[in-house]
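Trainee: Before we begin, could you take me through the inside of this protein slowly, one question at a time?

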Amino acid sequence: MRQTDPEGHGPVRFGPPDPEDGLPVLPQLSAHLAAAASRAGAEPVGGGPALLDAACGYGDRRGLPAGPDRVAVAPGAPALLVALTAAIGGDILVPRPCAAWWAPYARLLRRPVFHVPTPAESGGVPDPYALLETVRRMRAEGGDPRLLVLSVADDPTATVAPPELLHETVEAAVGEGLHLVSDETWRGTLHDPHGTVLLSPAEMLPGRVTVVTDLVGALLPPGWPAAVARFPAGEEGSALRARVLDVLTALDARVAAPVAAAAVYALSEPEPVTTRVADSVRLHALLAAAAHRAVVAAGGVSRPPSCGRHLYVDLTPLAPALAAHGVGDAQELEDFLTARLGMPAPGGHRFGDDLEALRVRLSTAPLLGGAAGPREECLRSPDPLQLPHVQHALTHLTSVFDDLRDDARRRESPR
């Protein structure tokens, strides 16, 4: 049974970073970091009292209550996933495609990773029937499936899983004795928070789900690593948290004191933070929708983005035109589009997709311009898509895909 995708074609062992917001750091966040800059130490492993209290309040406001004894904070979600994977043991299941950073950490621990297809309407959550079949085959071949990692607000597909699909998948996973890790990094970036229904698996089956939220999703800059894990209630959850803390201790995975001060402020969600988050989400939603229109008009296939700062594109319909440029797989597509667009375009193989599939993830931050001033202007503008530097970036992106569409039409067989 095939596990991870081949790694012999291109540098696919480690994936690209999360999509950034590309915006200047919120001044109030910088002030809190600077005020704590003289603190030379770090938080205790798992987080100090103020940080844990702030993390609990953040969860409470999202319908995920938990006391400090059920929460842990680490310097980034990767550290938490390493600790969880080591603590739970066994083989790991992930959706196809999935966040680029999930599989490499399992490989470091020499844990097998099995990709499960997602349904057509959304990514991040495996199809329940495909999940059951994968688990059955794993066990028939001597495997030991124990952990399912999923994401209701997804990177790379920028979709939100519908509650009915999530419920079926969660029920199937728990019925097979799997522990679930729900990566909810992007839940704070819903493009239409009033029109999109997002449920956490922890709301459905709180006793079998650990929720991980990296603050890089909505609250902190990527260079200030901090992430929160919320563990299930009960003895099993307490034991899992204790094992995770043991691993974090062995790694000395502690949040730096200045970053912790900024995280406490961000997790408390004062007005400057909530305003910046709302403005950033609105901006990137507009950019993602514009990029989606350009890709679809050129003949590409992409689910409408509904969260995050990215979209996932399938360019199989443009394969004849791409082949004329020497592009026959995802790595070659990544190289080609990165050069043509002048921005990163990581191929789908980095997200566990098939190398042969012509898929890429496009991020919206590069469309904001290169300097801090123009990017700040995008936040203040009532219509950022009309700003000259944004228009230029979108026109360039559109022209690259339109050229591929025109090439594909010229190469169509005459009828």
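The conversation below turns to a nonpolar core and then to a pair of helices.

Mentor: This is a predicted model, in which local features need pLDDT of at least 70 and side-chain atom pairs count only at pLDDT 80 or more, while totals for chains, interfaces and linings use all residues. Residues are numbered from 1 along each chain as its sequence is written, and side-chain values use heavy atoms, with hydrogens and water left out.

Trainee: Which element gives the most residues to the largest nonpolar core?

Mentor: A nonpolar core is a set of buried Ala, Val, Leu, Ile, Met, Phe, Trp, Tyr and Cys residues joined through side-chain atoms within 4.5 Å, where buried means under 20% relative accessible area with a 1.4 Å probe, protein chains only. The largest one has 38 residues, and among those touching the most other members are Leu362 and Phe401. Elements giving two or more residues include α12 (330-341), β9 (359-363) and α14 (388-410), helices (H or I, at least four residues) and strands (E, at least two) being DSSP runs numbered from the N terminus. The most, eight residues, comes from α14.

Trainee: How are α12 and α14 oriented to each other, parallel or oblique?

Mentor: Their axes, lines fitted to C-alpha atoms over the stretch in contact, with angles from 0 to 180 degrees between N-to-C directions, come within 10 Å and cross at roughly 135°. Angles under 35 degrees count as roughly parallel, over 145 as roughly antiparallel, 65 to 115 as roughly perpendicular and the rest as oblique. The two helices α12 and α14 are therefore oblique.

Trainee: Which residues of α12 make the contact with α14?

Mentor: Contact means heavy atoms within 4.5 Å. On the α14 side, the contact is made by His396, Leu397, Val400, Phe401 and Leu404. On the α12 side, the residues are Phe336, Leu337, Arg340 and Leu341.

How values were computed
Buried < 20%, exposed > 50% of the residue type's maximum accessible area, 1.4 Å probe, protein only.
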